[in-house]
Amino acid sequence: MDSNIKCIGVLTSGGDAPGMNAAIRAVTRGAIFNGIRVFGIYRGYKGLITNEIEEFKTNSVSNIIQQGGTILKTARCDEFKTKEGRAIAYENMQKHGIEALVVIGGDGSLTGAAIFSSEYNIPIVGLPATIDNDLNATDVTIGYDTALNTIMEAMDKIRDTATSHERLFFIEVMGRNCGYLALNSAIASGAEAAIIPEISMEKDQLAELIEQGFRKSKSSSMVLVAESPVTGGAYNLAERVKKQYPQYDVRVTILGHLQRGGTPSAQDRILASRMGVASIQALIENQRSVMIGIRENEITYVPFRRAIKKERAISEELLEVLRISSI
Ligand code: F6P
């Protein structure tokens, strides 16, 4: 049976990701198309607590599909982690007549959504938006493709210097304990290796790389490093190489937040639009506590508890592609 929801709220939370605006647009228009009122909630869960909430019409989301960041702003909100904070958030929802939420964000945001949804019995649907691509049971997350392209463009530029000076570059990328950004951008940019947290727990990837003679046939190299206490980060690895192999001219580039900005790729805009429309359909179908995922190009509903489980395995096939193509 359909849910008969008449009014929803939409918010973006956690780190911004390119495509969040396309998602806000699709959620807003998907809701209005189905006769549902929509409120934009500013600054994520923080705005739910501080009551920064405003009704959206179709033109509230005009001309934003091509913009990076999020027009709703975003925040990481400690107050929402407390029972008291969530009680105020619930009161504010009631004041506006908001019966359900669409939460656009990464694992922290969906964890908050899962708690809030079960505590107050509120239908909440999540859209996976993070450049990290670290959520379970979805092939990709909104923002990941754009970030990959941004890294690839930066790597193409770094390659010029690496080649001209015959240097060894360590390039650190984001991912928060997930190696997908590092691994796929290594493949896309023709790098020699990716040092990622999923592997370095078990073996010393740097020593292995050097022992295999990764510089035998090349005078310059680029190694992607996923930010993580497990990999130790690019600076640590570079220091080790400088000490153990002083013959190498080593440099480090930390790409940092430039990976999060920029105009979203076509893939991210389409993904965000599909997921945004699907989130409204899910609410109409009485779904709650699910994340919209994408598997083999089909939309899926993934229970929050499964989506946020930290069990996403790295692809052996991708590792093999990088190993083979970088000889
Ligand atoms: O989750 C997205 C992400 O960009 C991670 O890759 C990174 O570790 C973190 O956010 C950085 O957060 P902040 O923007 O708060 O420094």
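This report describes a predicted model, taking in turn the ligand site, two helices and three individual residues.

## The ligand and its shell

In this predicted model, the residues that surround the ligand are R76, D132, M174, G175, R176, E227, H257 and R260. By residue class, this shell is made up of five charged residues, two polar ones and one nonpolar one.

Polar side-chain atoms of several shell residues approach oxygen atoms of the ligand. For E227, an N or O atom of the side chain is 2.5 Å from a ligand oxygen, while for H257 the corresponding separation between a side-chain N or O atom and an oxygen of the ligand is 2.8 Å. R176 also takes part, with a polar side-chain atom 3.4 Å from an oxygen atom of the ligand. The ligand taken alone would expose 400 Å², and the protein buries 74% of that area.

## Helix α1 and the residue that follows

Helix α1 covers residues 20-33, and its 14 residues, at 1.5 Å a residue, should span 20 Å; the C-alpha atoms at its ends are 20 Å apart, so the expected and modelled spans agree. The helix is mostly covered, with ten of its 14 residues buried. The buried positions are M20, N21, A22, A23, I24, A26, V27, T28, G30 and A31.

These buried residues of α1 pack against five strands, namely β1 (7-12), β2 (37-41), β3 (53-56), β4 (100-105) and β5 (124-128), and also against the helix α10 (266-284). Just after α1, the backbone at G35 adopts a positive phi of about 75°.

## Helix α9

The twelve residues of helix α9 (residues 233-244) should span 16 Å at 1.5 Å a residue, and the C-alpha atoms at the two ends are 17 Å apart, which agrees with that expectation. Within α9, the residues G233, A234, L237, A238 and V241 are buried. The packing partners of the buried residues of α9 include the strands β6 (168-173), β7 (193-195), β8 (221-226) and β9 (250-254), together with the helix α8 (205-211).

## N92 and G47

N92 sits in helix α3 (residues 83-96). With a relative accessible area of 3%, N92 falls under the 20% limit and is therefore buried. Its side chain reaches the backbone oxygen of I49 at 3.1 Å, and, once neighbours within four places in sequence are left aside, N92 is in contact with L48, I49, T50, N51 and I53.

G47 belongs to helix α2 (residues 45-50), and this glycine counts as buried because its relative accessibility is 0%. When residues up to four places away in sequence are not counted, G47 touches I41, Y42, E52 and I53. G47 and G35, the residue with the positive phi just after α1, are twelve residues apart along the chain, and their C-alpha atoms are separated by 25 Å.

## I158

I158 is located in helix α5 (residues 144-165) and, at 11% relative accessibility, counts as buried. Leaving aside its neighbours within four places in sequence, I158 is in contact with F169, I171, M222 and T253. Along the chain, I158 and S117 are 41 residues apart, and a distance of 46 Å separates their C-alpha atoms.

Methods
Residues are numbered from 1 along each chain as its sequence is written. This is a predicted model: local features need pLDDT of at least 70, side-chain atom pairs count only at pLDDT 80 or more; totals for chains, interfaces and linings use all residues. Side-chain values use heavy atoms; hydrogens and water are left out. A residue is near a molecule or strand if one of its heavy atoms lies within 4 Å of it. A polar contact is a pair of N or O atoms within 3.5 Å; within protein, one must be able to donate a hydrogen and the other to accept it, and residues adjacent in sequence count only if both atoms are side-chain atoms. Accessible areas come from the Shrake-Rupley method with a 1.4 Å probe; for residues, only the protein chains shown count as cover. Ala, Val, Leu, Ile, Met, Phe, Trp, Tyr, Cys and Pro count as nonpolar, Asp, Glu, Lys and Arg as charged, and the others, Gly among them, as polar. Helices (H or I, at least four residues) and strands (E, at least two) are DSSP runs, numbered from the N terminus. The expected span of a helix is 1.5 Å times one less than its number of residues. Buried means under 20% relative accessible area, exposed over 50%, partly exposed in between (1.4 Å probe, protein chains only). Contact means heavy atoms within 4.5 Å.
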